[in-house]
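Good morning, colleagues. Please take a moment with the sequence and the structure on the screen before I go through the points I have selected.

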Amino acid sequence: HEHTRQTSQPASTNDMQSHPQQCAMAESIDPALEARVAALRQLASQDVVPAIHEIVKLCAAGSEISINRKVAGPGRLVGYTKDVCLKLQPSADHPTNVSEAVVVFAATAASMPAAAWRGKQIVELGCGVGFAGILLAVLGARVVLVDEPTLDIVVMNNIAINAPAIRAPGSASFAPLDWTEPRSSATSSSLRDATTVIFSDVVVDVESQERFLAALQALLGMDGEPPICRSLETVLVSHKHQQSFCISGYVAPTPDAKPSITDAGDCERCSFRQSLFDAGFQLAPWHPAPINFEHPFVECWSVRPRHFSEEC
């Protein structure tokens with residue numbers, strides 16, 4: 001009996017080797033699961049744009065970054081370019097987090113003619129570590145960078161590091177903001193004379209969306225009180241669509257589920273976009289990003305009250 005048992009094992013192994021197709025069928029993966037994995041890989045490839053990713057990494061490391069831009073004047077006609085260079089100092093208390101939407105906005109701003117920014121009165125609400133606002137100051141704008149008081153030292157330090165690149169009429173300063181009370185904030189004095197207000201990727205969840213909408217309504221006088229911004233011409237919003245927040249996301253595989261995963265087409269159904277419309281705002285694409293900074297999940301909008309758009 002023992003001899004029979006010992007000799008039966010090789011026979012079983014030989015059977016497996018002689019019927020590889022049967023083994024493959026036994027170990028085959030559910031086609032629906034394969035479809036979901038393929039879709040997830042496609043999403044991952046869509047969500048990484050090399051030029052944007054490189055700048056995000058350099059900022060986090062505290063290394064100098066550069067964004068190529070065309071020069072003003074006759075040189076622009078023949079394609080001459082000049083880099084805009086910035087450096088952000090990492091902080092132990094406040095990691096230098098620069099989002100992809102901020103990088104797309106900054107690269108788009110740098111691609112525009114210098115006259116678009118020179119001498120403009122700009123407030124960036126939710127400036128983070130200051131990447132976009134400082135870049136606009138280097139381009140010649142007078143910028144007040146605004147965010148929570150805890151970011152004061154971080155932003156002022158980054159302004160100081162980049163001060164040699166900021167030339168008249170450009171300037172940069174920091175002002176603290178209480179998002180819950182924008183009218184009583186010390187920032188309101190800076191906002192009165194602003195011609196452009198920028199929000200760089202400040203909405204990432206429901207709570208930040210509510211704060212943003214309340215602040216925007218106060219700026220434009222849509223909260224039943226006079227507008228904080230008396231000279232406002234433009235509101236610009238950069239936003240990255242997030243699967244965990246504003247657009248549908250990946251659904252974990254189940255035996256009877258269809259492949260369901262976010263792709264760039266879902267951006268049109270963004271819940272944040274819809275909340276702006278429901279609050280009485282009209283959105284329009286702002287300016288095309290340079291081709292190497294185009295991101296399928298990042299948009300930059302020009303926002304204004306819908307009644308204003310209808311009157312125009």
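Let us begin with Asp223 and Arg183, which form a salt bridge whose closest N and O atoms are 2.9 Å apart. Asp223 lies in the loop between α10 and β7, and Arg183 in the loop between β5 and α9, so this pair ties together parts that are 40 residues apart in sequence. I should say at once that this is a predicted model. Asp223 is partly exposed, with a relative accessible area of 34%, and Arg183 also counts as partly exposed, at 28%.

In the loop between α10 and β7 we also find Pro226. Which residues does Pro226 contact, leaving aside its neighbours within four places in sequence? They are Arg183, Ala218 and Gly221. Pro226 itself is exposed, with a relative accessible area of 58%.

The structure holds 6 salt bridges, and I shall describe two others. One joins the side chains of Arg211 and Glu207, at 3.5 Å from N to O. Here the partners are 4 residues apart in helix α10, which means that about one helical turn separates them. Arg211 is partly exposed at 28% relative accessible area, whereas Glu207 is exposed at 54%. Returning to the loop pair, salt bridges that share partners join Arg183, Asp223 and Glu225 into one network.

The other is between Lys57 and Glu54, at 3.9 Å from N to O. These two are 3 residues apart in helix α4, residues 50–61, and so they too are separated by about one helical turn. Both count as partly exposed: Lys57 has a relative accessibility of 45%, and Glu54 has 36%.

Now consider a charged residue without such a partner. Arg69 lies in strand β1, which covers residues 65–70. Arg69 is buried yet has no salt bridge. How far away is the nearest side chain of opposite charge? That side chain belongs to Asp83, and the distance is 9.0 Å. What Arg69 does have is backbone oxygen close to its side chain: a polar atom of that side chain lies 2.8 Å from the backbone oxygen of Ala110. The backbone oxygen of Met112 lies 3.0 Å from a polar atom of the Arg69 side chain.

I turn next to the overall arrangement. The secondary structure of the protein comes to 12 helices and 9 strands. An open sheet of 7 strands runs in the order β5-β4-β3-β6-β7-β9-β8, and its pairing is mixed. Its edge strands are β5, residues 171–176, and β8, residues 281–285, each of which pairs on one side only. From one strand to the next, the twist averages 25 degrees.

At the β5 edge, the neighbouring strand β4, residues 142–147, runs parallel to β5 and is joined to it by 6 bridges. Within this pair, Val144 stands opposite Ser173 of β5. Helix α8, residues 152–161, packs on the sheet and touches β4 and β5, its direction making about 175 degrees with that of β5. Elsewhere on the sheet, helix α6, residues 100–111, lies across β6, β7 and β9, and runs at about 135 degrees to β7.

Two points of backbone geometry deserve attention. As a reminder, most residues other than glycine have a negative phi, and most peptide bonds are trans. Where does the model depart from trans? The peptide bond from Ala168 to Pro169 is cis, with omega near 5 degrees, and Pro169 lies in the loop between α8 and β5. The second point is Asp201, whose phi is near 55 degrees, a positive value in a residue other than glycine. Asp201 sits in the loop between β6 and α10. Is Asp201 buried or exposed? It is buried, because its relative accessible area is 15%, and the cut-off for buried is under 20%.

Finally, two figures for the protein as a whole. Of its 312 residues, 41% count as buried. Among contacts between residues at least 6 apart in sequence, 70% join residues at least 24 apart.

Conventions
Residues numbered from 1 in each chain as written. Predicted model: local features only at pLDDT ≥ 70, side-chain atom pairs only at ≥ 80, totals over all residues. Heavy atoms only, no water. Buried < 20%, exposed > 50% of the residue type's maximum accessible area, 1.4 Å probe, protein only. Lys, Arg positive; Asp, Glu negative; His and termini not counted. Salt bridge = Lys/Arg side-chain N within 4 Å of Asp/Glu carboxyl O. Polar contact = N/O pair within 3.5 Å; in protein donor to acceptor, adjacent residues only side chain to side chain. Pairing = 2+ DSSP bridges. Axes fitted to C-alpha atoms, helices over the stretch in contact; angles between N-to-C directions. Contact = heavy atoms within 4.5 Å.
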